[in-house]
Amino acid sequence: MISIGSTPSALVVGGGPAGLAAALALAAAGVPVTLAAGPHRPGGQDRDRRTAALFAGSVELLRNLGVWDGLKDHCAPLTAIRLIDDTGRLFRAPEVTFRAAEAGLDAFGYNVPNAALLDALSARADTMPGLTLHATAGARAVSIAHGRVTVDLAEGDQISAPLAVAADGRGSITRQAAGISAETWSYPQAAVVTWFTHQRPHEGVSTEFHRAVGPFTTVPMPGRTSSLVWVEEPGEAERIMALSESDFRRAIETRLNGLLGTVGEVGARAVFPLSGLTPDVFGRNRVALVGESGHVIPPIGAQGLNLGLRDAATLADCVVEAIAEERDPGGSAVMDRYSALRAPDVNGRITAVDILNRTLLSPYLPVHLLRGFGLHVLNIAGPLRRRIVQEGVQPASYVPLMMRSGGLDLVRAGRGAAALASPA
Ligand SMILES: Cc1cc2nc3c(=O)[nH]c(=O)nc-3n(C[C@H](O)[C@H](O)[C@H](O)COP(=O)(O)OP(=O)(O)OC[C@H]3O[C@@H](n4cnc5c(N)ncnc54)[C@H](O)[C@@H]3O)c2cc1C
């Protein structure tokens, strides 16, 4: 019998959005968990300036974790996604607009500021029963022996559990301790991120201008405000970062070509080099990878954190199932099941985004023709469009319980493997 009393069944290393969501999902499901994370400073200068477009399943998870009500006023619904070929090339793809209504949804999801999301998740972690917060300057070493993972913290403390969740980001020492190797690569691109106000309403539409150096994407925020992810060659991104506010505002207006009217206030800027990471497996040696410890993907198609939240909810399913059957929550059966559930979703999306990005960067006409043809087919083929819209938002093959309406009750009811395997 695995003890699920006061000693933790799981420890989570890393308090980014994926780690917080994993700790909350496990605790909400009744699994005692310790979260080792840096102290959270609401309103601090180091706040993340990105927003994340979170799809319906991710929003459902936040609802089930009790954080959505305090967060939703900071977020804007996404009712449509428009792709515009702005490559200026000989052969251009047609404009394509995916509407949430095509998938029978009011909205694909919501655009959520990362800083507000971290505030809401951290506040919930402070009060969540079964979750012990261990504020730390960081994990220094991780060892795995005798059926437990032990983490040495910077302050000299040690914490241990039969299962560790590696949520310590792309350079994860927890992943390395488990002997999980990762392939990493970089793109000749960097994303400049900010927000801006504008004269015309966005009407809930996110627009991706596909340019030869990468996309320029606006994503709705509440009111007449949008967030911006502007991908450029790294040297050009640095130049944009150094522009005066008025030149930056004008540069945004030029790129938008009048789409949102005059640009008003612009927010602070941040720059992110584009890179990728895939591990050889998503769980091994009592360590499950969650968030960017297990996948890094360019900010195209808003997939990164949606994947991270699906990791968190899927892991909760696997661990709850194991504990209900009195199995070891960090045992190889759980690790194998988790890995098998996450691999197709993560690897499929990393491949699709990589291809989309590389077809933009490619100088070859046949590649442009192929891309244009693909988007043309999407424009005319209704069932294919619907399928792609639905799959982009959530994979049909597996929907974790906490990403379903009333999911917490389903998890608590301890439904077995049959329930977990069936789509919503
Ligand atoms: C420009 C841009 C736009 C994006 N837009 C979207 C979008 O629209 N939709 C979407 O779904 N995703 C988006 N993403 C992706 C999303 O931002 C990331 O997936 C997400 O922020 C990753 O969260 P995480 O918790 O996995 O990692 P992180 O936020 O990196 O968290 C890792 C945490 O671990 C901590 N840590 C590291 N080492 C240790 C240690 N040794 N001990 C303890 N703690 C440690 C770190 O301090 C940090 O708090 C975007 C990304 C970029 C770059």
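This report describes the overall make-up of a predicted model, its nonpolar cores, the surroundings of its ligand, and several individual residues.

**Overall make-up**

The protein chain contains 12 helices and 20 strands. It consists of 424 residues, of which 54% count as buried. The accessible surface of the chain is about 17300 Å², and carbon and sulfur atoms account for 55% of that area. Among the contacts in the chain with a separation of 6 or more, 72% are made by residues 24 or more positions apart.

**Nonpolar cores**

The largest nonpolar core has 76 residues; within it, Leu 54, Leu 71, Leu 131 and Met 402 touch the most other members. Helix α7, spanning residues 304–324, supplies the largest share of this core, with 12 residues. Another core lies apart from it and holds 18 residues, among them Ala 190, Phe 209, Phe 216 and Phe 248.

Leu 131 can be examined in its own right. Leaving aside residues up to four places away in sequence, Leu 131 is in contact with Ala 23, Leu 24, Ala 27, Val 33, Leu 35 and Ala 125.

**Surroundings of the ligand**

The ligand is surrounded by 26 residues, and the closest of these are Ala 53, Ala 139, Glu 292, Leu 305 and Asn 306. By residue class, the shell comprises 12 nonpolar, 11 polar and 3 charged residues. Distances from oxygen atoms of the ligand to polar atoms of the protein, together with those between polar groups inside the protein, are collected in the table below.

| First partner | Second partner | Distance |
|---|---|---|
| Ligand, oxygen atom | Ala 18, polar backbone atom | 3.0 Å |
| Ligand, oxygen atom | Arg 50, polar side-chain atom | 3.2 Å |
| Ligand, oxygen atom | Ala 167, polar backbone atom | 3.4 Å |
| Ser 227, side chain | Thr 51, side chain | 3.0 Å |
| Gln 189, side chain | Val 213, backbone oxygen | 2.9 Å |
| Gln 189, side chain | Asn 357, side chain | 2.8 Å |

Taken alone, the ligand exposes 1000 Å², and the protein buries 79% of that area. Three elements give two or more residues to the shell around the ligand: α1 (17–28), β3 (51–55) and α7. Helix α7 is thus named in two settings, as a contributor to this shell and as the source of the largest share of the largest nonpolar core.

**Buried residues in strands**

Ser 227 is located in strand β16, which covers residues 225–232. Its relative accessibility is 4%, and Ser 227 therefore counts as buried. Beyond residues up to four places away in sequence, Ser 227 touches Thr 51, Asn 111, Thr 194, Trp 195, Phe 196, Thr 217, Thr 218, Val 219 and Met 221. With one of these, Thr 51, the side chain of Ser 227 forms a polar contact of 3.0 Å. Val 266 is 39 residues from Ser 227 in sequence, and the C-alpha atoms of the two are 9.6 Å apart in space.

Gln 189 belongs to strand β13, residues 182–198. Gln 189 counts as buried because its relative accessibility is 1%. Its side chain reaches the backbone oxygen of Val 213 at 2.9 Å and makes a polar contact of 2.8 Å with the side chain of Asn 357.

Thr 150 lies in strand β10, residues 148–153. Is this residue buried or exposed? With a relative accessibility of 19%, Thr 150 counts as buried, because the class takes in values under 20%. Not counting residues up to four places away in sequence, Thr 150 touches Ala 141, Val 142, Ser 143, Gln 158, Ile 159 and Ser 160.

**Loop residues with positive phi**

Which phi value does Glu 203 have? Its phi is positive, at about 55°, although Glu 203 is not a glycine. Glu 203 is placed in the loop between β13 and β14 (205–211). Its relative accessible area is 62%, so Glu 203 is exposed.

Ala 302, likewise not a glycine, has a positive phi of about 50°. This residue is found in the loop between β20 (287–289) and α7. Ala 302 counts as partly exposed, because its relative accessibility is 28%.

Key:
Residues are numbered from 1 along each chain as its sequence is written. This is a predicted model: local features need pLDDT of at least 70, side-chain atom pairs count only at pLDDT 80 or more; totals for chains, interfaces and linings use all residues. Side-chain values use heavy atoms; hydrogens and water are left out. Helices (H or I, at least four residues) and strands (E, at least two) are DSSP runs, numbered from the N terminus. Buried means under 20% relative accessible area, exposed over 50%, partly exposed in between (1.4 Å probe, protein chains only). Contact means heavy atoms within 4.5 Å. A polar contact is a pair of N or O atoms within 3.5 Å; within protein, one must be able to donate a hydrogen and the other to accept it, and residues adjacent in sequence count only if both atoms are side-chain atoms. A nonpolar core is a set of buried Ala, Val, Leu, Ile, Met, Phe, Trp, Tyr and Cys residues joined through side-chain atoms within 4.5 Å. A residue is near a molecule or strand if one of its heavy atoms lies within 4 Å of it. Accessible areas come from the Shrake-Rupley method with a 1.4 Å probe; for residues, only the protein chains shown count as cover. Ala, Val, Leu, Ile, Met, Phe, Trp, Tyr, Cys and Pro count as nonpolar, Asp, Glu, Lys and Arg as charged, and the others, Gly among them, as polar.
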